[in-house]
Amino acid sequence: MVKREYQNAIRSKKMIKEALIELIKEKKGLEKISITDVVEKAGLNRGTFYNHFDSINAVVESIEDDTMIDFEKTLTTSFGSDGPQGWSFFLSLTSFFQKNEESFKAIVNYIPQYIFDDVKQKILNVLEKYLAELYPSSTLNPNFAVGLRMCANGLAGTYLDYFKGVSNLSLHTIQETAIRIFENFVSIYYPNQEKSEAK
């Protein structure tokens, strides 16, 4: 009985979040959406809504939390069997963004700056990990570290432009361009370094 109630709670929360995303797409603005709109769209009652959330903003925050947990999971598993040389990080990012594309496009204008900053830092951390695995005997060049941060910011900004609809690039194009840029960038600073073997 407890398990069924738990499953019902998960299902209700999911329906509320999906309903809000649909309404944002339809109404083009969070400020125009009421709790009544959400529960009607989800086919639930107000009591069910208040069992899980106390406001529309709380639903948005829950969507953001879910997304960041999934994003973190994607990044921590982005080094596949091809080893660091395969840039599987970028393939994982593309897959993650494709899976969550509708949600991102709906809420991108309501996500606070600190979340974008967190995304940029996570991307940077993974790229630094990539370099540590690729060149285990090398110390990170200080100039390279600055450039790497610029690249991570640029990559995050390019994805942001895509989800805001101000870029006509596809996710695949962003992925392929990012791989080429990072490969060229690394070769400038580490042209003669011996790479580690792919795991």
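## Exercises on a predicted helical model

The structure holds 12 aromatic pairs. The model is predicted. Work through the exercises with the coordinates open.

**Exercise 1. Classify the ring pair Phe49 and Tyr50, then that of Phe49 and Phe53.**

Solution.
- A pair of aromatic rings is described by the distance of the centres and the angle of the planes.
- Take Phe49 and Tyr50: the centres lie 5.5 Å apart, with 85° between the planes.
- Planes over 60 degrees apart count as edge-to-face. The pair of Phe49 and Tyr50 is therefore edge-to-face.
- Now Phe49 and Phe53: 5.9 Å centre to centre, 50° between the planes. This pair is tilted.

**Exercise 2. Assign Phe49, Tyr50 and Phe53 to buried, partly exposed or exposed.**

Solution.
- Buried means under 20% relative accessible area, and exposed means over 50%.
- Phe49 has 0% relative accessibility, so Phe49 counts as buried.
- Tyr50 has a relative accessible area of 41%, so Tyr50 is partly exposed.
- Phe53 is buried, as is Phe49.

**Exercise 3. Which residues do ring pairs link into a cluster?**

Solution.
- Select Phe71, Phe96, Phe97 and Phe104.
- Add Tyr159, Tyr162 and Phe163. Ring pairs link these residues with the four above into a cluster.
- Tyr159 and Tyr162 also belong to the H8 side of the contact with H9, the subject of the next exercise.

**Exercise 4. How are helices H8 and H9 oriented to each other, and what makes the contact?**

Solution.
- H8 covers residues 142–164, and H9 covers residues 171–189.
- Their axes come within 11 Å and cross at roughly 175°.
- Angles over 145 degrees count as roughly antiparallel. H8 and H9 are therefore roughly antiparallel to each other.
- H8 contributes residues including Phe144, Leu148, Cys151 and Leu155. Among those from H9 are Ile174, Phe182, Phe185 and Tyr189.
- The contact residues divide into 14 nonpolar, 3 polar and no charged.

**Exercise 5. Which residues of helix H2 are buried, and what phi does Gly43 take?**

Solution.
- H2 spans residues 35–42.
- Its buried residues are Ile35, Asp37, Val38, Val39 and Ala42.
- Gly43 comes just after H2 and takes a positive phi of about 75°.

**Exercise 6. Summarise the whole protein: elements, burial, contacts and surface.**

Solution.
- Count the elements: 9 helices and 0 strands.
- Check burial: of the 199 residues, 42% count as buried.
- Take the contacts with a separation of 6 or more: residues 24 or more positions apart account for 71% of them.
- Finish with the surface: the protein exposes about 11300 Å². Carbon and sulfur atoms supply 51% of that area.

Terms used: Residues numbered from 1 in each chain as written. Predicted model: local features only at pLDDT ≥ 70, side-chain atom pairs only at ≥ 80, totals over all residues. Heavy atoms only, no water. Axes fitted to C-alpha atoms, helices over the stretch in contact; angles between N-to-C directions. Helix = DSSP H or I, 4+ residues; strand = E, 2+ residues; numbered from the N terminus. Parallel < 35°, antiparallel > 145°, perpendicular 65-115°, else oblique. Contact = heavy atoms within 4.5 Å. Nonpolar A, V, L, I, M, F, W, Y, C, P; charged D, E, K, R; others polar. Buried < 20%, exposed > 50% of the residue type's maximum accessible area, 1.4 Å probe, protein only. Phe/Tyr/Trp six-rings, centres within 6.5 Å; stacked < 30°, edge-to-face > 60°. Areas by Shrake-Rupley, 256 points an atom, 1.4 Å probe, with all protein chains shown as cover.
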